[in-house]
Amino acid sequence: MIDIHCHILDEVDDGPQSLDESIELCRKLKDAGITGIVATPHFIDGGGYMPTPQLIRSKVGNLKKVLKEKDIDINIYSGMEVFADYNTIERVKNNDILTLNDSRYILIEFAMDIVPKYASSLIFSLLVEGYVPIIAHPERYTAEYRKSGVLKDLVYNGALVQINSGSILGDHGKRAQKEALTLINEEMVHLVSSDSHGAHRLLDNKDNLEVKLIKFCGLENTQRLMYTNPLMVLENKDIEYLTKVKKSFFLLEIVKNIRYSS
Ligand SMILES: [Fe+2]
């Protein structure tokens, strides 16, 4: 499994704060069954985290070298998680932003608590410029991107959706879990990633995630979410879309959620 959303680099954001911590995280993700990681440090314009592409490439190169020396067999690629704002499209045009492994896919995080007015125009502008925006973990946002229909419009127009493994497994609470499963049920999810920040939100066993997903949306959809689509992003190829989830799977999971949360 390739993890396309992971805060793996040291001292660039709220991920690992030392190279040792970064190495330890790589070791744990490898043990969890991850074979490749796209390093996606936060890029928040004016918000404290603004690593340059040069810095990220340099840190990725250094981490790869150290992992090889320590015989930790996991591949590292460059990327960013870009916080969407009015300047994003200009930042992209100025080459201030790294896409995922230099592909056409760009990881975009929206505001948690409010649906910004520029969401649709930003997604449209990125698509016009030839990029494919991947919206990071919308199941965790408190603003009603899904219920308001905004997310559906963005996906209909060509944006993709990444949800966190921790949301599927219930680590981010029942609300995020229900949102994640509902999004899968509505065929509005394309990728599952860890969004690990150091030891925080760590995916410690991909098999648990896989079993949970297979029960919920079947083997083929699980393979798309966990294996095929992350690889397609890495290789700059077209992703595969989900097929309809069987209704009985969806109802069973929602009933379980209600029962366990009451
Ligand atoms: Fe993230």
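**Figure 1. Ser121 in helix 4 of the predicted model**. Ser121 is a residue of helix 4, a helix that spans residues 119-128. With a relative accessible area of 43%, Ser121 is partly exposed, because this class covers values from 20% to 50%. The view also includes Tyr86, whose C-alpha atom is separated from that of Ser121 by 9.7 Å. Along the chain, Ser121 and Tyr86 are 35 residues apart.

**Figure 2. Coordination of the iron ion by His5, His7, Glu81 and Asp195**. Both histidines, His5 and His7, coordinate the iron ion through NE2, while Glu81 contributes an OE atom and Asp195 an OD atom. The coordination distances run from 2.0 to 2.3 Å. Angles subtended by the four donor atoms around the iron ion range from 81 to 174°, and the arrangement is therefore irregular. A tetrahedral assignment is ruled out because it would require all angles to lie between 85 and 135 degrees, whereas the angles at the iron ion extend from 81 to 174°.

**Figure 3. Placement of the iron donors in the chain**. The donor residues of the iron ion follow the spacing H-x1-H-x73-E-x113-D in sequence. Distant parts of the chain are linked by the pair His7 and Asp195, which are 188 residues apart. His7 belongs to strand 1 (residues 2-7); Asp195 is in the loop between strand 9 (191-193) and strand 10 (196-197). Both His7 and Asp195 are buried.

**Figure 4. Aromatic cluster of Phe110, Tyr141 and Tyr145**. The structure contains three aromatic pairs. In one of the ring pairs, Phe110 and Tyr145 have ring centres 6.1 Å apart and planes at 35°, so this pair is tilted. Phe110 lies in the loop between strand 6 (105-109) and helix 4 (119-128), and Tyr145 lies in the loop between strand 7 (132-136) and helix 5 (150-156). The pair thus links distant parts of the chain, with the two positions 35 residues apart in numbering. Phe110 and Tyr145 are both buried. Ring pairs join these two residues and Tyr141 into a cluster.

**Figure 5. The largest cavity and its lining**. One cavity of 30 Å³ or more is found when the whole structure is searched. The space within the largest cavity amounts to about 50 Å³. Among the residues that line the largest cavity are Tyr141 and Tyr145, two members of the aromatic cluster. Other lining residues include Pro138, Glu139, Ala143, Glu144, Arg146 and Leu151, together with Arg175, Glu179 and Leu183. Helix 7 (residues 174-185) supplies the largest share of the lining, three residues. By residue class, the lining comprises six nonpolar and five charged residues, with no polar ones.

**Figure 6. Positive phi at Asn101**. Most residues other than glycine have a negative phi. Asn101, a residue other than glycine, has a positive phi near 50°. Asn101 occupies the loop between helix 3 (88-93) and strand 6. Its relative accessibility of 24% places Asn101 in the partly exposed class.

**Figure 7. Positive phi at Asn236**. Although Asn236 is not a glycine, its phi is positive, at about 60°. Asn236 is located in the loop between helix 8 (206-234) and helix 9 (247-261). Asn236 is partly exposed, and its relative accessible area is 34%.

Notes: Residues are numbered from 1 along each chain as its sequence is written. This is a predicted model: local features need pLDDT of at least 70, side-chain atom pairs count only at pLDDT 80 or more; totals for chains, interfaces and linings use all residues. Side-chain values use heavy atoms; hydrogens and water are left out. Donors are N, O and S atoms within 2.8 Å of the metal (3.2 Å for Na, K and Ca); water is not among the atoms, so sites may look incomplete. Four donors count as tetrahedral if all angles lie between 85 and 135 degrees; four count as square planar and six as octahedral if opposite donors are over 155 degrees apart and all others between 65 and 115; anything else is irregular. Helices (H or I, at least four residues) and strands (E, at least two) are DSSP runs, numbered from the N terminus. Buried means under 20% relative accessible area, exposed over 50%, partly exposed in between (1.4 Å probe, protein chains only). On a 1 Å grid over the protein atoms alone, a cavity is a set of points where a 1.4 Å probe fits but cannot get out, and a pocket is an open set with protein on both sides within 12 Å along at least five of seven lines; lining residues have an atom within 4 Å of a point. Grid points are joined across faces, edges and corners, and a volume is the space filled by probe spheres set on the points. Ala, Val, Leu, Ile, Met, Phe, Trp, Tyr, Cys and Pro count as nonpolar, Asp, Glu, Lys and Arg as charged, and the others, Gly among them, as polar. Rings of Phe, Tyr and Trp (its six-membered ring) pair if their centres lie within 6.5 Å; planes under 30 degrees apart count as stacked, over 60 as edge-to-face and the rest as tilted.
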